[in-house]
Amino acid sequence: MPLVRLQEIFKLSEKNPVAKIKESLLAVILSLRNERIGLIVDEIIESAEFIIKPVPDVLKGNPFFSGTTILGNGQTVLIVNPQGLF
């Protein structure tokens, strides 16, 4: 099963390059039909349910994002589309 880092997919700079060198990694396993990938994460903070709103016009057609949501602190965040990672 391939392991994927979102920093690499989105071409983001690494916040902590030393974090790449670990004895063990934490990954969320995503499955679509018969395919699976491991999405490498720094940590799992919590599980929650969100109301997902459509992506802004500027991001329509981008396969990586399926919508946006507003967190409890008022911050708007993008929702990653797992299908866009395959």
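**View 1. The β4–β5 hairpin.** Strands β4 and β5 make up a hairpin in which five residues lie between the two strands, and G74 in the turn takes a positive phi of about 95°. The model shown here and in the other views is predicted. β4 covers residues 65–70 and β5 covers residues 76–80. The two strands pair in the antiparallel sense, and five bridges connect them. One residue pair can be picked out: G67 has I79 in β5 as its bridge partner.

**View 2. Overall fold of the protein.** The secondary structure consists of one helix and five strands. Read from the N terminus, the order of elements is β-α-β-β-β-β. The protein has 86 residues, of which 20% count as buried. Its accessible surface amounts to about 6900 Å², and carbon and sulfur atoms contribute 54% of that area. Taking contacts between residues at least 6 apart in sequence, 32% join residues at least 24 apart.

**View 3. The largest nonpolar core.** Five residues form this core: V4, L30, I37, L39 and L85. In soluble globular proteins, nonpolar side chains tend to be buried together. The view is centred on L85, a member of the core. Which residues does L85 touch, leaving aside those up to four places away in sequence? They are L6, I9, L30, I37, L39, F64 and V80. Among these contacts of L85 are L30, I37 and L39, which are also listed in the core.

**View 4. The salt bridge between E8 and R5.** The structure holds two salt bridges, and one of them joins the side chains of E8 and R5 at 3.8 Å, N to O. Side chains of opposite charge can pair when their charged atoms come close. Is R5 buried or exposed? R5 counts as buried because its relative accessible area is 15%, under the 20% cut-off. E8 has 46% relative accessibility and therefore counts as partly exposed, a class that lies between 20% and 50%.

**View 5. The salt bridge between D57 and K60.** Here the side chains of D57 and K60 meet at 3.1 Å, N to O. Both residues of this pair, D57 and K60, are exposed. In the pair of the preceding view, by contrast, R5 is buried and E8 is partly exposed.

Terms used. Residues are numbered from 1 along each chain as its sequence is written. This is a predicted model: local features need pLDDT of at least 70, side-chain atom pairs count only at pLDDT 80 or more; totals for chains, interfaces and linings use all residues. Side-chain values use heavy atoms; hydrogens and water are left out. A nonpolar core is a set of buried Ala, Val, Leu, Ile, Met, Phe, Trp, Tyr and Cys residues joined through side-chain atoms within 4.5 Å. Buried means under 20% relative accessible area, exposed over 50%, partly exposed in between (1.4 Å probe, protein chains only). Contact means heavy atoms within 4.5 Å. Two strands pair if DSSP finds at least two bridges between them. Helices (H or I, at least four residues) and strands (E, at least two) are DSSP runs, numbered from the N terminus. Accessible areas come from the Shrake-Rupley method with a 1.4 Å probe; for residues, only the protein chains shown count as cover. A salt bridge is a side-chain nitrogen of Lys or Arg within 4 Å of a carboxyl oxygen of Asp or Glu.
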